[in-house]
Amino acid sequence: MSTNPWGGQTGLGRVMRNAASLVVLHEPNTGQATPALVDGREYTDLPELLGAAGGDAARITRGDSFAMDPEELLSPVGRPRKIICVGQNYLAHVHEGGRPAPPEHPDLFAKWDNALAGPYADVALPPESTQIDFESELAVVIGRTCRRVAQAAVRDVVFGYTAANDGSVRDFQFHTTQRTAGKAWDGLTPLGPVVVPAAALGGDSPDLQITGLLNDEPVQEDRTSHLIFGLPRLISYITTFMTLEPGDIILTGTPAGVGAVRQPPLFLKDGDQFEVRIEGIGAIRNTYRAETLS
């Protein structure tokens with residue numbers, strides 16, 4: 001792996017500062033951050049910063065350090081133009097869902113920014129369902145505007161990686177053949193803690209341990225090198241029909257072990273904590289609380 005230009009597991013995150021969001025450089029599990037600057041300018045969100053930097057991590061520099069509480073980190077991307085998600089992208093997960101073979105083409109669906117939550121935020125369990133499931137995932141953040149990207153050129157458009165939990169409301173997901181009603185719920189997709197440059201994590205073919213833990217017990221485990229549709233093929237396919245822009249997010253799919261297919265099913269309940277750990281990035285840890293309707 002290449003050296004992180006900012007050192008260690010430092011990546012781009014977001015915090016509230018002076019009543020506005022601020023993109024910062026932060027190393028998880030430390031109490032310090034610095035504004036992330038491009039040509040001396042601060043930014044409130046990652047899409048604008050990455051656009052200004054041309055997707056080049058070397059152009060992103062540090063401002064003056066300040067103390068911060070890591071628990072206050074926001075989703076590192078606040079308002080991405082697009083969130084593209086991939087289903088059935090680990091073979092063991094394909095099989096646990098009762099499918100004999102993986103799909104011929106990437107199985108895609110969408111979310112929107114309303115679904116995002118911070119890496120350590122409490123997450124509301126909606127009262128409309130008792131089937132809230134967890135899905136540990138590697139998330140890709142795009143660095144440059146691109147269309148019709150050849151597989152060999154994908155490394156030039158991927159900026160970095162972060163961790164995600166693709167929260168799923170299973171009963172709503174299967175109301176119809178379309179997944180939107182089960183996947184786009186407010187605040188059910190924690191993201192973070194920071195976006196680490198891809199060059200520090202294996203470029204466009206990362207081989208990273210990904211683990212999901214429910215109340216400190218491992219329930220999902222795999223390596224990102226086991227993706228059925230790796231990033232070169234996946235991003236080349238998506239950009240065949242869609243322009244991707246700086247700050248756009250791709251959730252690459254979850255390993256086996258999701259709660260819906262277990263016997264008995266294992267769904268999230270009030271007080272549960274779910275953690276997604278990814279090698280070289282860090283972890284997101286979210287506590288789930290029953291939503292109280294006013």
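A residue is called buried when its relative accessible area is under 20%, exposed when that area is over 50%, and partly exposed in between. Keep this rule at hand for the exercises below, which explore a predicted model.

**Exercise 1. Work out whether S136 is buried or exposed, and describe its surroundings.**

Step 1. Find the residue: S136 belongs to strand β11, which covers residues 136–142.

Step 2. Apply the rule. The relative accessible area of S136 is 0%, so S136 is buried.

Step 3. Look at the side chain. The side chain of S136 makes a polar contact with the side chain of Q220, at 2.9 Å.

Step 4. Look at the neighbours. Setting aside residues within four places in sequence, S136 is in contact with several others, among them A164, T211, G253 and F274.

**Exercise 2. Which class of accessibility fits D248, and what does its side chain reach?**

Step 1. D248 sits in the loop between α5 (231–241) and β17 (249–251).

Step 2. With a relative accessible area of 1%, which is under 20%, D248 counts as buried.

Step 3. The side chain of D248 reaches the backbone nitrogen of E245 at 2.8 Å.

Step 4. Not counting residues up to four places away in sequence, D248 touches P80, R81, K82, V140, V141, I142 and T243.

Step 5. Turn to helix α5, at one end of this loop. The buried residues of α5 are L231, P232, L234, I235, S236, I238 and T239. They pack against β6 (83–87), β7 (107–111), β11, β12 (158–165) and β17.

**Exercise 3. Classify two aromatic pairs: F134 with F274, and F172 with W185.**

Step 1. Recall what to look at. A pair of aromatic rings is described by the distance of the centres and the angle of the planes. Planes under 30 degrees apart count as stacked, and planes over 60 degrees apart as edge-to-face.

Step 2. The count of aromatic pairs in this model is three. In one of them, the ring centres of F134 and F274 are 4.7 Å apart and the planes lie at 20°, so this pair is stacked.

Step 3. Place the two residues. F134 is in the loop between β10 (132–133) and β11, while F274 is in strand β18 (residues 273–278); the pair links distant parts of the chain, 140 residues apart. F134 and F274 are both buried.

Step 4. Now take F172 and W185. Their ring centres are 5.1 Å apart and their planes stand at 90°, so the pair is edge-to-face. F172 is in helix α3 (residues 170–173), and W185 is in the loop between α4 (180–183) and β14 (189–197), 13 residues apart.

Step 5. Compare the accessibilities with the rule. F172 has 22% and counts as partly exposed, whereas W185 has 18% and counts as buried.

**Exercise 4. Find the strands at the edges of the open sheet and explain what being at an edge means.**

Step 1. Write down the order. Five strands form the sheet as β9-β19-β18-β15-β16, with mixed pairing.

Step 2. Read off the ends. β9 (123–125) and β16 (217–223) each have a single partner strand, so one side of each is left without a neighbour in the sheet.

Step 3. Note the twist, which averages 20° from one strand to the next.

Step 4. Check the pairings. β9 and β19 (residues 282–290) are parallel, over three bridges, and V123 stands opposite Y288 in β19. β15 pairs in the antiparallel sense with β16 over six bridges, and also in the antiparallel sense with β18 over five bridges.

Step 5. Use T211 as a landmark: T211 stands opposite E221 in β16 and opposite R277 in β18.

Step 6. Finish with β15 (residues 209–214), where five of the six residues are buried. The hairpin of β15 and β16 has two residues between the strands, and there N215 takes a positive phi near 50°.

**Exercise 5. Decide whether V169 is buried or exposed, and list its contacts.**

Step 1. V169 lies in strand β13 (residues 168–169).

Step 2. The relative accessible area of V169 is 0%, so V169 is buried.

Step 3. Leaving aside neighbours within four places in sequence, V169 is in contact with S129, Q131, I132, G182, W185 and L188. W185 is the residue whose ring pairs edge-to-face with that of F172.

Notes
Residues numbered from 1 in each chain as written. Predicted model: local features only at pLDDT ≥ 70, side-chain atom pairs only at ≥ 80, totals over all residues. Heavy atoms only, no water. Helix = DSSP H or I, 4+ residues; strand = E, 2+ residues; numbered from the N terminus. Buried < 20%, exposed > 50% of the residue type's maximum accessible area, 1.4 Å probe, protein only. Polar contact = N/O pair within 3.5 Å; in protein donor to acceptor, adjacent residues only side chain to side chain. Contact = heavy atoms within 4.5 Å. Phe/Tyr/Trp six-rings, centres within 6.5 Å; stacked < 30°, edge-to-face > 60°. Pairing = 2+ DSSP bridges. Axes fitted to C-alpha atoms, helices over the stretch in contact; angles between N-to-C directions.
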